[in-house]
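Visitor: Please show me the sequence and the model, and let us then examine the side chains together.

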Amino acid sequence: MQKDFYYRLDIVLNAITRKGKELAKTEEELQEWLKDYLIIITEIEKYTLDLKDIWEDPIADKALEKLEEIQNLNDLKELERALKELRDELAQVYDKYLEEVMASKKRK
């Protein structure tokens with residue numbers, strides 16, 4: 001059910017945000033987390049929701065599973081690396097769909 005997906009996604013993204021804040025050891029790390037990684041989390045959310053809602057791509061479900069694994073990481077650098085990798089992976093799939101849409105519009 002889509003509602004369950006949205007609920008789980010919201011919970012895991014909030015948990016990851018809290019985890020990053022907890023793992024930041026210095027004020028500088030905290031500020032970097034708040035500045036850079038909240039943007040990455042927002043991008044992940046956008047890609048995941050669009051891939052689920054618009055294109056019904058199963059990668060959205062896989063992304064949710066990965067996020068549930070990522071929330072259990074206990075090292076800030078590992079957390080950051082995993083989020084960047086997931087964001088980049090989702091962006092590639094998302095961009096592929098956008099290219100297909102643009103190509104189909106040009107053909108019309």
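Visitor: Does Asp 50 count as buried or exposed?
Guide: This is a predicted model, in which local features need pLDDT of at least 70 and side-chain atom pairs count only at pLDDT 80 or more, while totals for chains, interfaces and linings use all residues. Residues are numbered from 1 along each chain as its sequence is written, and side-chain values use heavy atoms, with hydrogens and water left out. Buried means under 20% relative accessible area, exposed over 50% and partly exposed in between, with a 1.4 Å probe and protein chains only. The relative accessibility of Asp 50 is 17%, so Asp 50 counts as buried.

Visitor: Which residues is Asp 50 in contact with, leaving aside its neighbours within four places in sequence?
Guide: Asp 50 is found in helix 2; helices (H or I, at least four residues) and strands (E, at least two) are DSSP runs, numbered from the N terminus. Contact means heavy atoms within 4.5 Å. With neighbours within four places set aside, the partners of Asp 50 are Trp 55 and Tyr 94.

Visitor: What is the geometry of the aromatic pair of Tyr 47 and Tyr 94?
Guide: Rings of Phe, Tyr and Trp (its six-membered ring) pair if their centres lie within 6.5 Å; planes under 30 degrees apart count as stacked, over 60 as edge-to-face and the rest as tilted. The structure holds 5 aromatic pairs. One of them joins Phe 5 and Tyr 6 at 6.1 Å centre to centre, with 75 degrees between the planes, and is edge-to-face. For Tyr 47 and Tyr 94 the centres are 4.9 Å apart and the planes are at 50 degrees, and the pair is tilted.

Visitor: How many residues apart are Tyr 47 and Tyr 94?
Guide: Tyr 47 belongs to helix 2 (residues 27-53) and Tyr 94 to helix 4 (residues 76-107). Tyr 47 is buried at a relative accessible area of 15%, and Tyr 94 is buried at 10%. The pair links distant parts of the chain, its members being 47 residues apart.

Visitor: Which residues form one aromatic cluster?
Guide: The pair of Tyr 47 and Tyr 94 belongs to a cluster with further rings. Lys 96 lies over the face of one ring of the cluster, Tyr 97, at 4.9 Å from the ring centre. The cluster is made up of Tyr 47, Trp 55, Tyr 94 and Tyr 97.

Visitor: Where does the charged end of Lys 52 sit?
Guide: A charge sits over a ring if NZ of Lys or CZ of Arg is within 6 Å of the ring centre and within 35 degrees of the ring normal. The ring beneath Lys 52 belongs to Phe 5, a residue that is buried with a relative accessible area of 3%. The charged end of Lys 52 is 4.7 Å from the ring centre of Phe 5.

Visitor: Which helix supplies the largest share of the largest nonpolar core?
Guide: A nonpolar core is a set of buried Ala, Val, Leu, Ile, Met, Phe, Trp, Tyr and Cys residues joined through side-chain atoms within 4.5 Å. The largest such core has 30 residues, and Leu 67 and Leu 83 are among those that touch the most other members. At least two residues of this core come from each of helix 1 (2-23), helix 2, helix 3 (59-70) and helix 4. The largest share, 10 residues, is that of helix 4.
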